[in-house]
Amino acid sequence: QVQLVESGGGLVQAEGSLRLSCAVSGRTFGSYTMAWFRQAPEKEREFVGISWSGGRTYYADSVKGRFTISRDSAKNTVYLEMNSLKPEDTAVYYCAADTSGRIPSGYWYASYVRHFRSWGQGTQVTVSS
């Protein structure tokens with residue numbers, strides 16, 4: 001079983017920055033594929049970015065160049081660094097873990113979401129204009 005605890009959300013003005021953290025309790029954290037998703041009120045859950053165990057990352061076009069996923073194996077923690085925030089980034093942000101190792105690295109397809117069976121509680125990010 002994998003448990004994830006998120007932190008770092010809050011209120012920030014447009015063009016500001018936040019770093020979200022996701023602490024992961026798992027036996028083999030280094031082998032997990034980690035991803036971030038977000039969901040705004042009355043909108044569908046949206047893919048943000050993914051980090052494979054080998055170090056590759058991939059991001060949604062809406063955040064590419066502004067957001068960065070990193071992971072600290074010593075702390076069993078995954079981060080989402082968010083820069084140049086926009087009001088449309090306002091959402092609840094979730095981290096998720098895939099322990100199956102079945103997601104090919106390098107690209108994201110919507111069908112991959114089914115492999116993420118462990119989710120954090122979510123943290124609210126609000127960007128004001």
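This tour goes through a predicted model, from one glutamate to a nearby pair of cysteines.

**Stop 1: Glu 6.** Select Glu 6 and find the strand around it: strand β1, which covers residues 3-7. Is Glu 6 buried or exposed? Glu 6 is buried. Look next for a salt bridge on this residue; there is none. To see what the nearest side chain of opposite charge is, add Arg 45 to the selection, which lies 11 Å away.

**Stop 2: Thr 123.** What does the side chain of Glu 6 reach? Show the backbone of Thr 123 and pick its nitrogen, which the Glu 6 side chain reaches at 3.3 Å.

**Stop 3: the surroundings of Glu 6.** Now select the residues in contact with Glu 6, leaving aside its neighbours within four places in sequence. Among them are Ser 21, Trp 36, Tyr 93, Tyr 94, Gly 120, Gln 121 and Gly 122. Thr 123, from the previous stop, is also in this set. Two cysteines belong to it as well, Cys 22 and Cys 95.

**Stop 4: Cys 22 and Cys 95.** Keep these two cysteines and show their sulfur atoms. A disulfide joins them, with an S to S distance of 2.0 Å. How many disulfides does the structure hold? It holds 1. Colour the two strands to see what the pair links: Cys 22 is in strand β3 (residues 18-25) and Cys 95 is in strand β9 (residues 91-98). These are distant parts of the chain, with the cysteines 73 residues apart.

**Stop 5: the S-S bond.** Why is the disulfide right-handed? The torsion about the S-S bond is about 60 degrees, so it is classed that way. Finally, turn on the surface: Cys 22 is buried, with a relative accessible area of 0%, and Cys 95 is buried, with 1%.

Terms used: Residues numbered from 1 in each chain as written. Predicted model: local features only at pLDDT ≥ 70, side-chain atom pairs only at ≥ 80, totals over all residues. Heavy atoms only, no water. Helix = DSSP H or I, 4+ residues; strand = E, 2+ residues; numbered from the N terminus. Buried < 20%, exposed > 50% of the residue type's maximum accessible area, 1.4 Å probe, protein only. Lys, Arg positive; Asp, Glu negative; His and termini not counted. Salt bridge = Lys/Arg side-chain N within 4 Å of Asp/Glu carboxyl O. Polar contact = N/O pair within 3.5 Å; in protein donor to acceptor, adjacent residues only side chain to side chain. Contact = heavy atoms within 4.5 Å. Disulfide = S-S within 2.5 Å.
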